[in-house]
Amino acid sequence: MTLDDLRVFVAVCRAGSLSAVARELDCTQSAVSQHVKRLERETGVSLLERLPRGVAPTAAGRILCDAAAEGIAGLDRALRRLGDLVHGDGGSVRIATGGTTVRHFMADAVVAFRRRYPKVSLEFQTESSSRGCFDALLASDLDLAWITMGAPVRGIEQRPVVDLPWVLAVRAGDPLAARSRIDVSDLADVRLVRLPPNSTSGGRLDAAFAELGIRTGSDTSVADWDTALLLAELGLGHAVVPALPGLPVPGDSGPLRLVPVPALPPLSVGWAIRRWDALPPLARAFADTVARQLR
């Protein structure tokens with residue numbers, strides 16, 4: 001029994017004629033009859049009865065025709081929706097992100113994606129950490145999550161997109177602001193504005209300091225890098241932060257300086273997905289758009 005068998009059988013029941021369906025399908029009446037006979041062999045019952053003019057479904061035939069017509073209509077609707085998803089005529093892409101991710105990593109990509117797929121909705125779900133993004137991805141129908149690359153997580157694939165060098169954010173006029181680069185030894189006596197140590201990026205920074213044998217102090221903790229930058233700009237502390245894409249680089253007249261710290265290993269960020277090869281076409285298109293814009 002095939003889908004074509006069922007489609008032809010429904011057409012015959014509606015037309016009441018084998019020859020009419022043969023003309024519509026541009027095939028022989030014998031070919032149409034073979035579809036019906038195959039269904040009768042599968043079901044073990046007679047599905048059509050011959051009339052003086054044409055054919056009509058038997059009681060069993062009406063049962064099969066009603067069920068097949070309903071199933072085919074539903075399948076056709078699903079195929080149309082799948083076509084819309086593939087061609088960008090509808091659907092949505094759902095992404096878990098940190099609080100400032102869209103502004104720094106996806107702003108240009110969102111504009112480019114919207115121009116290409118104007119009828120597709122983008123839904124962003126804010127999470128406070130990469131761990132929260134992992135949990136949301138596993139527990140819901142989210143397509144993608146933007147994370148700091150970390151240890152393997154069961155059931156999750158991680159795909160790095162860009163590596164971010166570290167910089168020291170200081171207020172203009174600070175003794176370190178005029179440097180062309182910062183050695184990690186220069187940070188030994190500096191009180192830093194820090195992310196919580198249980199965050200992936202904060203943990204990576206702490207691990208890098210420990211590996212380099214540098215002990216830093218901190219009396220201020222913030223939830224995101226943008227807040228750390230603001231406090232540094234206000235002169236309320238120093239902050240070692242990743243050089244975020246889209247971050248304005250202040251000119252000489254600005255209150256903030258960003259000085260490279262080349263000894264620290266870059267911070268890798270990118271996508272988390274359940275299975276890349278099972279990602280819906282629109283979600284993959286958005287992920288690829290973000291990667292292209294950042295590279």
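**Strand pairing, a buried helix residue and a bent helix**

In strand β12, Ser-268 is the bridge partner of Asp-163. This pairing is taken from a predicted model. Strand β6, which covers residues 157–164, is joined to β12 by 7 bridges, and the two strands run antiparallel. Strand β5 (residues 144–148) also runs antiparallel to β12, with 4 bridges between them. Within that pairing, Ala-145 stands opposite Ala-272 of β12. Strand β12 itself spans residues 267–273 and is mostly covered, 7 of its 7 residues being buried.

An open sheet of 3 strands was also found, in the order β10-β7-β11 and with antiparallel pairing. Strands β10 (239–242) and β11 (256–260) stand at the edges and have a single partner strand each, so one side of each is left without a neighbour in the sheet. On average, neighbouring strands of this sheet are turned by 35° against each other, direction ignored. Strand β7 (residues 166–171) is connected to β11 by 5 bridges, and these two strands run antiparallel. One residue pair in this arrangement is Leu-168 with its bridge partner Val-259 in β11. In general, strands of a sheet pair through backbone hydrogen bonds, in either a parallel or an antiparallel manner.

At the start of the chain, UniProt places the feature "domain: HTH lysR-type" at residues 1–58, in an unreviewed entry. Over residues 1–58 the model is 62% helix and 10% strand, with the end C-alpha atoms 18 Å apart. Helix α1 (residues 3–15) contains Phe-9. The relative accessible area of Phe-9 is 0%; because buried means under 20%, Phe-9 is classed as buried. Leaving aside residues up to four places away in sequence, Phe-9 touches Val-36, Leu-39, Leu-47, Leu-48, Gly-61, Leu-64 and Cys-65. Between Phe-9 and Asp-163, which are 154 residues apart along the chain, the C-alpha separation is 59 Å.

Helix α5 comprises 16 residues (residues 101–116). At 1.5 Å a residue, α5 should span 22 Å, and the 21 Å between its end C-alpha atoms agrees with this. A bend of about 60° was nevertheless found in α5 at Ala-107. The buried residues of this helix are Thr-101, His-104, Phe-105, Met-106, Ala-109 and Phe-113. An α-helix has 3.6 residues a turn, so residues three or four places apart point the same way.

Terms used
Residues are numbered from 1 along each chain as its sequence is written. This is a predicted model: local features need pLDDT of at least 70, side-chain atom pairs count only at pLDDT 80 or more; totals for chains, interfaces and linings use all residues. Side-chain values use heavy atoms; hydrogens and water are left out. The expected span of a helix is 1.5 Å times one less than its number of residues. The bend at a residue is the angle between axes fitted to the seven residues ending there and the seven starting there. Buried means under 20% relative accessible area, exposed over 50%, partly exposed in between (1.4 Å probe, protein chains only). UniProt positions are given in the numbering used here, feature names are shortened, and annotations may be inferred rather than shown by experiment. Two strands pair if DSSP finds at least two bridges between them. Axes are lines fitted to C-alpha atoms, for helices over the stretch in contact, and angles run from 0 to 180 degrees between N-to-C directions. Contact means heavy atoms within 4.5 Å.
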